[in-house]
2 protein chains.
Amino acid sequence: MRNPSGGSGIDVDRLGDRLAALAELAPVGEFGSCRLALTDADKAGRDLLCRWMEDLALEVRIDVVGNIVGVWTAGATEPGLDPVLCGSHLDTVATGGRYDGAYGVVAGLEAIETLAARGLRTRRPLAVAAFTNEEGARFTPDMMGSLVHVGALTAEAALAAADEDGVTVGEELARIGYLGVWPAPARPPFAFVELHIEQGPVLEHEDVVIGAVTGVQGISWQELTFVGQSNHAGTTPMGLRRDPAYAMARVATFVRELAAELGGRQVGTVGRVLMHPNLVNVVPAWATMTVDLRNTDADTLAEAEGRLAVFAAEVAEAEHLEVSSQSLVRFDPVAFDPAMVDLVEATARRRGLSTLRLPSGAGHDAQMLARVCPTAMIFVPSHRGLSHNPAEHTEPAHLAAGADVLLDVLTDLAGR
Amino acid sequence: MRNPSGGSGIDVDRLGDRLAALAELAPVGEFGSCRLALTDADKAGRDLLCRWMEDLALEVRIDVVGNIVGVWTAGATEPGLDPVLCGSHLDTVATGGRYDGAYGVVAGLEAIETLAARGLRTRRPLAVAAFTNEEGARFTPDMMGSLVHVGALTAEAALAAADEDGVTVGEELARIGYLGVWPAPARPPFAFVELHIEQGPVLEHEDVVIGAVTGVQGISWQELTFVGQSNHAGTTPMGLRRDPAYAMARVATFVRELAAELGGRQVGTVGRVLMHPNLVNVVPAWATMTVDLRNTDADTLAEAEGRLAVFAAEVAEAEHLEVSSQSLVRFDPVAFDPAMVDLVEATARRRGLSTLRLPSGAGHDAQMLARVCPTAMIFVPSHRGLSHNPAEHTEPAHLAAGADVLLDVLTDLAGR
């Protein structure tokens, strides 16, 4: 069995120590961390990353929206070629775990350190990125840094984004010393590979170690509003009601039924409900609800949207309500380069690891990079599917397996 | 057959003309009216009532929350005694009928005019009240005027109540000229009698003319909380979810099914829903919902509560959720003074009218007056049980019968 990296694999203890060091900068619970984008805790994580990059003699480039890219120029036989980039993000949600984002960044360092320790060089340079504000927990939009990196959002717009207190990305970048000078959009890399925890339960449930990510699910976020007749809960006979709360509830149960019927990868979620006046003894005047529909198949996603619209209209008519809908977010499914998916799968098998092709249910920086270069994602299992939660956990053996596959994929892409 | 009023009865044409005059101030459809509390239309109704009272030489008293009481002092042989009060309200819901409330007020005038026309006097004075904002369709709480009248709500709190546009009761009373000087709470009357349309189908279904109202529906307010697992809306397959929003929605639709199955006067309302974190793309960690169940029958109300609890537990178990419930309000049905119920029943029979004892499915000013004095309600049939609807209808013969019974009950209570 030949591994392109030329060895048995990365140092999982060193990988774990680095993840622990990042988490412990701003601990939440026993294992979690809170490093909201561009806070002091995020700065501390960035500082640590930059120190590790400098220890590895990487060339550290910080761009105008604070994306950090460390390029291992010294490890390339042809350092002028476009690099093979890997990476993810360091920011977390308020109640974050220690693996989401950080794992993909630290594993990139680990790949380079492993090659360097063996005295190996690649043809193209390898590089590791940490993109700014992937989570969007403090500043909108999420995946901000990678959006700017690929030219899908202007740096000016990103820098002007403000948090709930009115503090902007630009002000915070300047304050913490990460308002860099490298331009964005950047010249596209030769390829991009993001290693990430699954953040869902599928790999664990299927007892598989490596996910070869086929793409990112299409997302449809809609807000439905039902308007009826506010009335006293005691004096209004059931048959005379025009109850938007009932319509909301009936549509929410339909979303569950619809997902079950369409099957496959279809998911549907009612995450937000608002009613007015939202009082115990008043049939509400109106109710709004969000419906998050996702599917990897564009046609099925569109079918789900269509059936939802028809059902909502039927319920509204039966209850004598007015209904309106508004699209909040609409992304078609993103498919990663098939050759890149094949590469991840073949590489994992060469390591003797079980694999599964699966889509990502969540958004990732990789979907932005896919706009400008061949892109792959590698998933490892998340225990109980938990993420955005201090209890987020991935077994050390799985962390090692994922980083080994990253190492081999990067080596393969960069050439020898 | 002896009638305490000493005659054959009231003038149903005059009664009908007054109801028509009130309805036509602000018509809705052919027969309905919209006189939301303290609007210009409500003022017009109040003005008409005060003119009729003055035409009958009643002493018109307007209190600090706009309740109007006309006292027939001249008709009493002992005018210093506490009066026997009757009445109801003049305000309507937005799509009101012409009988709800107005009938009880106009019939009180009719009783006095009938006695006056015969030159009859009672020992105690008779009085007619129109209480402010009984419906609660514009201002909360409903039954506001009678609540303040009996001292169960302060005038200050009532005056500060605002409608959806932020306009207060106090501002509107001043604007329409009904911010009176008579104090509230008032000295309790000797007794109170409210004549009202049933607003339900029972009397018509039983082919009975006079309902001797035994009391008012019981109320059960519960808050149910479902706790599940907050998860990513994209990465968590449907089969692995523990979704409290789904449980909330399924229980809300069950409340509708339960009310339909129990039938009769059972009503069920989900008026308030809160979820956390209430974000588009997150399966909520928890959801709370209120369930307002009402029944005039204590056993059926208890059955509804029991079945709700069982269903909520079943849904929670199937979805692997924890569920808890908290009782927010629990009132058993209110019982009126048995001697007053007997008096209504005996009086109707003396007139040769069919009678039925039944509870009220809706709230009425009488339930507030019952706190401070012996209280009765008289129901007449509502065609098809419709109310809060322009199609609200009661046969003229039934209107006459109810007013005759009111006349006799008032005369009996006031003494000769």
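In this predicted model, the contact between the two chains draws 45 residues from chain B and 48 residues from chain A. On the side of chain B that touches chain A, two or more residues each come from β10 (231–232), α8 (244–262), β11 (267–269), β12 (273–276), β13 (282–283) and β14 (286–295) of chain B. Helix α8(B) makes the largest contribution to that side, with nine residues. By residue class, the side of chain B that touches chain A consists of 22 nonpolar, 17 polar and six charged residues.

How the copies are arranged follows naturally from here. Chain B superposes on chain A after a rotation of 174 degrees and a shift of 4.8 Å along the rotation axis, with an RMSD of 2.8 Å. Of the interface residues of chain B, 89% are interface residues in chain A as well, so the two copies meet through the same surface.

Turning to the fold of a single chain, chain A holds 12 helices and 18 strands. Among its 416 residues, 59% count as buried. For contacts in chain A with a separation of 6 or more, 77% join residues 24 or more positions apart.

Helix α3 of chain A is a handy element to look at in detail. Spanning residues 102–117, α3(A) has 16 residues and reaches 22 Å from its first C-alpha to its last, close to the 22 Å expected at 1.5 Å a residue. Of the 16 residues of α3(A), 13 are buried, and the helix is therefore largely enclosed by the rest of the structure. Just after α3(A) comes G119(A), which adopts a positive phi of about 70 degrees.

How values were computed:
Residues are numbered from 1 along each chain as its sequence is written. Chains are lettered from A and ligands numbered from 1 in the order in which they are written. This is a predicted model: local features need pLDDT of at least 70, side-chain atom pairs count only at pLDDT 80 or more; totals for chains, interfaces and linings use all residues. Helices (H or I, at least four residues) and strands (E, at least two) are DSSP runs, numbered from the N terminus. A residue is buried if 20 or more other C-beta atoms lie within 10 Å of its own, exposed if 12 or fewer, and partly exposed in between; C-beta atoms are placed from the backbone. Two residues are in contact if their C-beta atoms, placed from the backbone, lie within 7 Å. Copies are superposed by least squares on the C-alpha atoms of residues with pLDDT of at least 70 in both. Ala, Val, Leu, Ile, Met, Phe, Trp, Tyr, Cys and Pro count as nonpolar, Asp, Glu, Lys and Arg as charged, and the others, Gly among them, as polar. The expected span of a helix is 1.5 Å times one less than its number of residues.
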